[in-house]
Amino acid sequence: MLKTLTITVVLAVTAGLIFAGGIHAEADYITNAQEIVKKADWKNMKTVTVKISEYDYQPDELVLKAGQPYKLELINVGKKKHYYTAPKFFKAIATRKVQSNKDGEVKAPYLLALEMMAGGGQLDLYFVPVKKGKYRVTCPIDDHREQGSEGTLIIE
Ligand SMILES: [Cu+2]
(Lines give C-alpha, C1' and ligand atoms only; values in the text may rest on other atoms or scores of the structure.)
Protein backbone atom coordinates (compact mmCIF):
# COMPACT_ATOMS: atom_id res chain seq x y z
CA MET A 1 0.00 0.00 0.00
CA LEU A 2 2.76 2.41 1.04
CA LYS A 3 4.85 1.35 -1.98
CA THR A 4 1.97 2.07 -4.37
CA LEU A 5 1.43 5.44 -2.78
CA THR A 6 5.15 6.34 -3.08
CA ILE A 7 5.21 5.37 -6.75
CA THR A 8 2.08 7.42 -7.38
CA VAL A 9 3.61 10.49 -5.70
CA VAL A 10 6.87 10.12 -7.67
CA LEU A 11 4.95 9.84 -10.93
CA ALA A 12 2.81 12.82 -10.04
CA VAL A 13 5.86 14.97 -9.20
CA THR A 14 7.62 13.91 -12.43
CA ALA A 15 4.52 14.69 -14.48
CA GLY A 16 4.29 18.04 -12.73
CA LEU A 17 7.91 18.90 -13.59
CA ILE A 18 7.44 17.90 -17.23
CA PHE A 19 4.27 19.96 -17.38
CA ALA A 20 5.95 22.98 -15.76
CA GLY A 21 8.84 22.64 -18.25
CA GLY A 22 6.38 22.61 -21.12
CA ILE A 23 4.70 25.78 -19.92
CA HIS A 24 8.04 27.52 -19.53
CA ALA A 25 9.06 26.54 -23.09
CA GLU A 26 5.81 27.99 -24.43
CA ALA A 27 6.57 31.38 -22.86
CA ASP A 28 9.78 31.98 -24.83
CA TYR A 29 8.21 34.66 -26.99
CA ILE A 30 9.08 38.34 -26.48
CA THR A 31 7.26 39.05 -23.22
CA ASN A 32 7.98 42.84 -23.22
CA ALA A 33 6.73 43.28 -26.80
CA GLN A 34 4.40 46.14 -25.88
CA GLU A 35 7.27 48.13 -24.36
CA ILE A 36 9.50 47.53 -27.42
CA VAL A 37 6.66 48.52 -29.78
CA LYS A 38 5.97 51.69 -27.78
CA LYS A 39 9.63 52.80 -27.83
CA ALA A 40 10.21 52.05 -31.54
CA ASP A 41 10.61 54.88 -34.05
CA TRP A 42 7.51 54.26 -36.21
CA LYS A 43 8.12 57.44 -38.25
CA ASN A 44 11.08 55.60 -39.75
CA MET A 45 9.18 52.37 -40.36
CA LYS A 46 10.28 50.37 -43.40
CA THR A 47 7.77 48.63 -45.66
CA VAL A 48 8.58 45.20 -47.09
CA THR A 49 6.25 43.37 -49.48
CA VAL A 50 6.04 39.62 -49.98
CA LYS A 51 3.90 38.25 -52.81
CA ILE A 52 2.52 34.79 -52.15
CA SER A 53 1.49 32.47 -55.00
CA GLU A 54 1.65 28.89 -56.30
CA TYR A 55 4.16 27.95 -54.99
CA ASP A 56 6.35 30.73 -53.90
CA TYR A 57 7.09 33.57 -51.52
CA GLN A 58 8.55 36.48 -53.51
CA PRO A 59 11.12 37.40 -52.29
CA ASP A 60 11.80 34.11 -50.49
CA GLU A 61 14.46 35.64 -48.26
CA LEU A 62 14.11 38.73 -46.07
CA VAL A 63 16.98 40.29 -44.16
CA LEU A 64 15.68 42.40 -41.29
CA LYS A 65 17.47 44.63 -38.80
CA ALA A 66 16.89 44.11 -35.09
CA GLY A 67 15.29 47.21 -33.55
CA GLN A 68 14.06 48.63 -36.88
CA PRO A 69 10.22 48.87 -37.11
CA TYR A 70 8.67 47.21 -40.16
CA LYS A 71 5.41 46.81 -41.96
CA LEU A 72 5.42 43.47 -43.75
CA GLU A 73 2.75 43.45 -46.47
CA LEU A 74 1.72 39.89 -47.29
CA ILE A 75 -0.25 39.78 -50.54
CA ASN A 76 -1.77 36.62 -51.95
CA VAL A 77 -1.46 37.01 -55.72
CA GLY A 78 -2.18 33.30 -56.26
CA LYS A 79 -5.41 31.42 -56.85
CA LYS A 80 -5.26 29.20 -53.75
CA LYS A 81 -5.16 30.09 -50.09
CA HIS A 82 -1.76 29.97 -48.42
CA TYR A 83 -0.27 30.14 -44.97
CA TYR A 84 2.63 32.18 -43.69
CA THR A 85 3.67 29.84 -40.87
CA ALA A 86 6.76 30.90 -38.94
CA PRO A 87 6.33 30.10 -35.21
CA LYS A 88 10.01 30.61 -34.32
CA PHE A 89 10.18 33.90 -36.23
CA PHE A 90 7.02 35.14 -34.53
CA LYS A 91 8.66 34.35 -31.17
CA ALA A 92 11.68 36.46 -32.18
CA ILE A 93 9.74 39.66 -32.94
CA ALA A 94 7.73 42.21 -30.97
CA THR A 95 4.35 42.29 -32.73
CA ARG A 96 2.47 45.58 -32.79
CA LYS A 97 -0.53 44.43 -34.82
CA VAL A 98 -1.79 42.57 -37.86
CA GLN A 99 -3.99 44.67 -40.07
CA SER A 100 -6.41 43.85 -42.84
CA ASN A 101 -7.03 47.14 -44.59
CA LYS A 102 -10.54 45.97 -45.39
CA ASP A 103 -11.69 44.42 -42.14
CA GLY A 104 -9.74 45.74 -39.17
CA GLU A 105 -6.73 44.91 -37.08
CA VAL A 106 -5.64 42.42 -34.47
CA LYS A 107 -3.40 43.31 -31.54
CA ALA A 108 -1.98 40.19 -29.89
CA PRO A 109 1.18 39.45 -27.88
CA TYR A 110 2.45 36.93 -30.41
CA LEU A 111 1.47 34.87 -33.44
CA LEU A 112 2.10 31.40 -34.83
CA ALA A 113 0.78 31.65 -38.39
CA LEU A 114 -1.15 33.89 -40.75
CA GLU A 115 -3.58 32.50 -43.29
CA MET A 116 -3.96 34.34 -46.58
CA MET A 117 -7.31 34.01 -48.30
CA ALA A 118 -7.35 33.28 -52.01
CA GLY A 119 -8.24 36.03 -54.46
CA GLY A 120 -6.11 38.98 -53.43
CA GLY A 121 -6.04 38.67 -49.66
CA GLN A 122 -3.66 41.04 -47.89
CA LEU A 123 -2.47 41.27 -44.31
CA ASP A 124 -0.02 43.85 -42.98
CA LEU A 125 2.15 42.79 -40.05
CA TYR A 126 3.58 45.66 -37.99
CA PHE A 127 6.52 44.50 -35.88
CA VAL A 128 10.01 45.07 -34.52
CA PRO A 129 12.59 42.26 -34.99
CA VAL A 130 14.26 41.42 -31.66
CA LYS A 131 16.11 38.07 -31.52
CA LYS A 132 18.86 37.67 -34.11
CA GLY A 133 18.79 34.45 -36.09
CA LYS A 134 17.65 32.60 -39.18
CA TYR A 135 14.04 31.42 -39.30
CA ARG A 136 11.88 29.35 -41.67
CA VAL A 137 8.54 30.35 -43.10
CA THR A 138 6.43 27.70 -44.81
CA CYS A 139 2.96 26.92 -46.09
CA PRO A 140 1.83 23.61 -44.53
CA ILE A 141 -1.20 23.15 -46.83
CA ASP A 142 -1.03 19.85 -48.82
CA ASP A 143 2.32 19.70 -50.66
CA HIS A 144 2.78 23.49 -51.02
CA ARG A 145 6.04 23.46 -49.05
CA GLU A 146 7.54 20.71 -51.23
CA GLN A 147 6.43 22.63 -54.34
CA GLY A 148 8.30 25.74 -53.19
CA SER A 149 6.24 27.68 -50.63
CA GLU A 150 9.16 28.09 -48.27
CA GLY A 151 11.29 31.04 -47.30
CA THR A 152 13.96 32.34 -44.94
CA LEU A 153 13.65 35.24 -42.52
CA ILE A 154 16.93 36.59 -41.18
CA ILE A 155 17.22 39.00 -38.26
CA GLU A 156 20.67 40.56 -37.94
CU1 LIG B 1 0.21 27.32 -49.76
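**Exercise 1. In this predicted model, find the loop that holds Pro59, and describe the peptide bond that leads into this residue.**

Solution. Pro59 sits in the loop between β2 and β3, the latter spanning 61-64. The peptide bond to examine is the one that joins Gln58 and Pro59, and this bond is cis, with omega at about 0°. A second case is found at the bond from Glu54 to Tyr55, which is also cis, with omega near -10°. Tyr55, for its part, belongs to the loop between β1 (46-53) and β2 (56-58). As background, most peptide bonds are trans.

**Exercise 2. Locate Asp142, describe its phi, and decide whether this residue is buried or exposed.**

Solution. Begin with the location: Asp142 lies in the loop between β10 (133-138) and α4 (144-147). Next, consider the backbone, where Asp142 shows a positive phi of about 40° although this residue is not a glycine. For comparison, most residues other than glycine have a negative phi. Finally, count the surroundings: a residue is called exposed if 12 or fewer other C-beta atoms lie within 10 Å of its own, and Asp142, with 11 such atoms, is therefore exposed.

**Exercise 3. State the order of the strands in the six-stranded open sheet, and explain why one side of β2 and of β7 has no neighbour in the sheet.**

Solution. Reading across the open sheet, the order is β2-β1-β4-β9-β6-β7, and the pairing is mixed. β2 and β7 (104-106) stand at the edges and have a single partner strand each, so one side of each is left without a neighbour in the sheet. On average, and with direction ignored, neighbouring strands of this sheet are turned by 20° against each other. For a closer look at one pair, take β1 and β4, which run in the parallel sense and are paired over seven bridges; Lys46 stands opposite Tyr70 in β4.

**Exercise 4. Identify which residues of the largest nonpolar core touch the most other members, and which strand gives the most to this core.**

Solution. The largest nonpolar core has 29 residues, of which Leu74, Ala86, Phe89, Ile93, Phe127 and Val137 touch the most other members. Among the elements that each supply at least two residues of this core are β4 (70-76), α3 (87-90), β6 (93-100) and β11 (150-155), while β9 gives the most, with five residues. Taking Ala86 and leaving aside its neighbours within four places in sequence, one finds this residue in contact with Tyr135, Arg136, Val137 and Leu153. In soluble globular proteins, nonpolar side chains tend to be buried together.

Methods:
Residues are numbered from 1 along each chain as its sequence is written. This is a predicted model: local features need pLDDT of at least 70, side-chain atom pairs count only at pLDDT 80 or more; totals for chains, interfaces and linings use all residues. Helices (H or I, at least four residues) and strands (E, at least two) are DSSP runs, numbered from the N terminus. A nonpolar core is a set of buried Ala, Val, Leu, Ile, Met, Phe, Trp, Tyr and Cys residues joined through C-beta atoms within 7 Å. A residue is buried if 20 or more other C-beta atoms lie within 10 Å of its own, exposed if 12 or fewer, and partly exposed in between; C-beta atoms are placed from the backbone. Two residues are in contact if their C-beta atoms, placed from the backbone, lie within 7 Å. Two strands pair if DSSP finds at least two bridges between them. Axes are lines fitted to C-alpha atoms, for helices over the stretch in contact, and angles run from 0 to 180 degrees between N-to-C directions.
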